[in-house]
Amino acid sequence: LQVLSDVFNAPVFTIDTANSACLGSAYRAIHGLAAERNVSLADVVKLAPEPRLAVTPTPGAEEV
């Protein structure tokens, strides 16, 4: 996670859910189905588990 954070110079958040990549895909699919009714992605994921900050970029990593 630290390498991802340093490479993209962005904080990385995680959730305590198994198969969370699959969960994210499912939320996007639901959003696609609900989009014709003008439902926002924020409304689709409002009951999702709260993410927690896992790592932040190492200071100066963007210059490497």
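**Reading helix α2 and its surroundings**

Q: Which element do the buried residues of α2 pack against?

A: In this predicted model, the buried residues of α2 pack against α3, which covers residues 41-44.

Q: Which residues of α2 are buried?

A: A residue is called buried when its relative accessible area is under 20%. In α2, this applies to Y27, H31 and A34. These residues cover an arc of only 70 degrees around the axis, so they lie on the same side of α2.

Q: Which residues are exposed on the other side of α2?

A: On that other side, A21, C22 and L33 are exposed.

Q: How may the length of α2 be checked against what its residues should span?

A: The general idea is to allow 1.5 Å a residue and to compare the expected span with the distance between the end C-alpha atoms. For the 15 residues of α2, the expected span is 21 Å, and the end C-alpha atoms are 21 Å apart, which agrees.

Q: Why does H31 count as buried, and which residues is H31 in contact with?

A: H31 belongs to helix α2, residues 20-34. H31 counts as buried because its relative accessibility is 18%, and the cut-off is under 20%. When neighbours within four places in sequence are left aside, the contacts of H31 are V39, S40, L41 and V44.

Q: Where is S5, and is S5 buried or exposed?

A: S5 is placed in helix α1. With a relative accessible area of 0%, S5 is buried. Apart from neighbours within four places in sequence, S5 is in contact with A10, P11, V12, V55, T56 and P57. A separation along the chain may also be set beside a distance in space: S5 and A35 are 30 residues apart along the chain, and their C-alpha atoms are separated by 31 Å.

Q: How many residues apart in sequence are L1 and V55, and how many Å apart in space?

A: L1 and V55 are 54 residues apart in sequence, while 6.8 Å separates them in space, C-alpha to C-alpha. L1 also touches V55, together with V12, T14 and A54, when residues up to four places away in sequence are not counted. The position of L1 is in the segment before α1, the helix of residues 2-8. L1 counts as exposed, because its relative accessibility is 52% and the cut-off is over 50%.

Q: Which residues make the nonpolar surface patch?

A: The patch is formed by L1, V3, L4, V7 and F8, and its area is about 560 Å². One of these residues, F8, lies in helix α1. F8 is exposed, at a relative accessible area of 60%.

Q: How many salt bridges does the structure hold, and which side chains meet in a salt bridge?

A: There is one salt bridge in the structure. It joins the side chains of R52 and D16, at 3.8 Å from N to O. This pair links distant parts of the chain, with the two positions 36 residues apart: R52 is in strand β2, residues 52-55, and D16 is in the loop between β1, residues 12-14, and α2.

Q: How exposed are the two partners, R52 and D16?

A: R52 counts as partly exposed, because its relative accessibility is 45%. D16 counts as exposed, because its relative accessibility is 69%.

Q: What is to be noted about phi of N9 and phi of N38?

A: The general idea is that most residues other than glycine have a negative phi. Phi of N9 is near 50 degrees, which is a positive value in a residue other than glycine. Phi of N38 is likewise positive, near 60 degrees, and N38 is also a residue other than glycine.

Q: Where are N9 and N38 found, and how exposed are N9 and N38?

A: N9 occurs in the loop between α1 and β1. N9 counts as partly exposed, because its relative accessibility is 41%. N38 occurs in the loop between α2 and α3. N38 counts as exposed, because its relative accessibility is 74%.

Key
Residues are numbered from 1 along each chain as its sequence is written. This is a predicted model: local features need pLDDT of at least 70, side-chain atom pairs count only at pLDDT 80 or more; totals for chains, interfaces and linings use all residues. Side-chain values use heavy atoms; hydrogens and water are left out. Helices (H or I, at least four residues) and strands (E, at least two) are DSSP runs, numbered from the N terminus. Buried means under 20% relative accessible area, exposed over 50%, partly exposed in between (1.4 Å probe, protein chains only). Contact means heavy atoms within 4.5 Å. Patches are made of residues with over 30% relative accessible area and no salt bridge: like charges are joined within 9 Å, nonpolar side chains (Val, Leu, Ile, Met, Phe, Trp, Tyr) within 5 Å. Accessible areas come from the Shrake-Rupley method with a 1.4 Å probe; for residues, only the protein chains shown count as cover. A salt bridge is a side-chain nitrogen of Lys or Arg within 4 Å of a carboxyl oxygen of Asp or Glu. The expected span of a helix is 1.5 Å times one less than its number of residues. The arc is that of the directions from the helix axis to the C-beta atoms.
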